[in-house]
Amino acid sequence: MSRIGKAPIPLLKGAEITVSDSLVKVKGPKGELEQVLDPAISVEIKENEIILDRANESKDVRAKHGLYRSLINNMVVGVTEGYKKELELVGVGYRAKTSGQRLELALGYSHPIIIEMPKEIKIEALAEKGKNPAIILESHDKQLIGMIASKIRSLRKPEPYKGKGVRYKNEYIRRKAGKSAAK
């Protein structure tokens, strides 16, 4: 029994939802998103709530019930409030610079890394004295922002000895002791 799938989705102020066959479109002040649903999942709008129901009790359909409920909830929250991811660059000489939708990173390689951002993502690079450089990503699409943040982090993952690398803000890195000298 899917407890996630049975929970109703509150329709936040400013969000408009339209359902046609197996396509759900959510429109809000921050943007517009759409999701194709499995035909076994039906969507119903009652007052200020969105309710998802499944056609049968097969294992596959039960799994998709909770999945689509979470995806639609993320869409509603995204178009009304938006999502934000912050990354931190820890290491000597690590820098980030933005110009328009381009992100230029200096991560200790022999060359700078340049990433073109999708137009749905708003990007900002911060460099304050005494603090590690930071990258702030904002978007209405949770899936896209998570994928881009993960791609940036994968360019130089935090290592366990000194903690250098690209990490999410407030991410805990488990540290290891280095070599101990022979006696």
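Q: How should an open sheet be read, and in what order do the strands of the 4-stranded one stand?
A: Strands of a sheet pair through backbone hydrogen bonds, either parallel or antiparallel. In this predicted model, the open sheet of 4 strands has the order β11-β12-β7-β13, and its pairing is antiparallel.

Q: Which strands of this sheet are the edge strands?
A: The edge strands are β11 (122-126) and β13 (165-168), since each of them pairs on one side only. From one strand to the next, the twist averages 20°.

Q: How many bridges join β11 to β12?
A: β11 and β12 run antiparallel and are joined by 5 bridges. To see one such position in the structure, find Ala125, which stands opposite Ile135 in β12.

Q: What does α3 touch when it packs on the sheet?
A: Helix α3 touches β7 (83-90), β12 and β13, and its direction makes about 5° with that of β7.

Q: What is the order of the strands in the open sheet of 3 strands?
A: The order is β1-β6-β5, with antiparallel pairing.

Q: Why is one side of β1 and of β5 left without a neighbour in the sheet?
A: β1 (9-10) and β5 (41-46) stand at the edges, and each has a single partner strand, so one side of each has no neighbour in the sheet. The partner of β5 can be followed in detail: β5 and β6 (residues 49-54) pair in the antiparallel sense over 6 bridges. Within this pair, Ser42 has Asp53 of β6 as its bridge partner.

Q: Which helix packs on this sheet?
A: It is α2, which touches β1, β5 and β6; the direction of α2 makes about 160° with that of β6.

Q: Which residue of α2 is worth examining, and is His65 buried or exposed?
A: A residue counts as buried when its relative accessible area is under 20%. His65 lies in helix α2 (residues 59-80). With a relative accessible area of 2%, His65 is therefore buried. A polar atom of the His65 side chain lies 3.0 Å from the backbone oxygen of Leu52.

Q: How many residues lie between β3 and β4 in their hairpin?
A: The hairpin formed by β3 and β4 has 2 residues between the strands. Strand β3 (residues 23-28) runs antiparallel to strand β4 (residues 31-36), and 6 bridges join them. One bridge pairs Gly28 with Gly31 in β4.

Q: How many residues has the largest nonpolar core?
A: A nonpolar core is a set of buried nonpolar residues joined through side-chain atoms. The largest one here has 22 residues, and Leu89, Leu103, Leu105, Met117, Ile135, Leu137 and Ile152 have the most contacts inside it. At least two residues of this core come from each of β7, β9 (102-106), β10 (113-116), β12 and α3. The largest share, 5 residues, is supplied by α3. Another core, of 19 residues, lies apart from this one; Leu37, Ala40, Ile50 and Tyr68 are among its members.

Q: Which residues is Ile152 in contact with, leaving aside its neighbours within four places in sequence?
A: Those residues are Leu87, Leu103, Leu105, Ile115, Met117, Ile135, Leu137 and Val166. Ile152 has its place in helix α3 (residues 142-154), and it counts as buried because its relative accessibility is 0%. A separation in sequence can also be set beside a distance in space: Ile152 and Arg167 are 15 residues apart along the chain, with 9.1 Å between their C-alpha atoms.

Q: Where is His140 found?
A: His140 is in the loop between β12 and α3. His140 is buried, because its relative accessible area is 10%. Not counting residues up to four places away in sequence, it touches residues including Lys30, Gly31, Glu32 and Leu33, as well as Gly78, Val79 and Tyr83. From His140 to Lys122 there are 18 residues in sequence and 9.7 Å in space, C-alpha to C-alpha.

Q: Where in the protein chain is confidence lowest, and where is it highest?
A: Where pLDDT is low, the predicted coordinates should not be read in detail. The protein chain averages a pLDDT of 91, and 97% of the residues score at least 70. Confidence is lowest in helix α1 (residues 3-6), with a mean of 85, and highest in strand β12 (residues 134-139), at 96.

How values were computed. Residues are numbered from 1 along each chain as its sequence is written. This is a predicted model: local features need pLDDT of at least 70, side-chain atom pairs count only at pLDDT 80 or more; totals for chains, interfaces and linings use all residues. Side-chain values use heavy atoms; hydrogens and water are left out. Buried means under 20% relative accessible area, exposed over 50%, partly exposed in between (1.4 Å probe, protein chains only). A polar contact is a pair of N or O atoms within 3.5 Å; within protein, one must be able to donate a hydrogen and the other to accept it, and residues adjacent in sequence count only if both atoms are side-chain atoms. Contact means heavy atoms within 4.5 Å. Two strands pair if DSSP finds at least two bridges between them. pLDDT is the predictor's confidence in each residue, from 0 to 100. Axes are lines fitted to C-alpha atoms, for helices over the stretch in contact, and angles run from 0 to 180 degrees between N-to-C directions. A nonpolar core is a set of buried Ala, Val, Leu, Ile, Met, Phe, Trp, Tyr and Cys residues joined through side-chain atoms within 4.5 Å.
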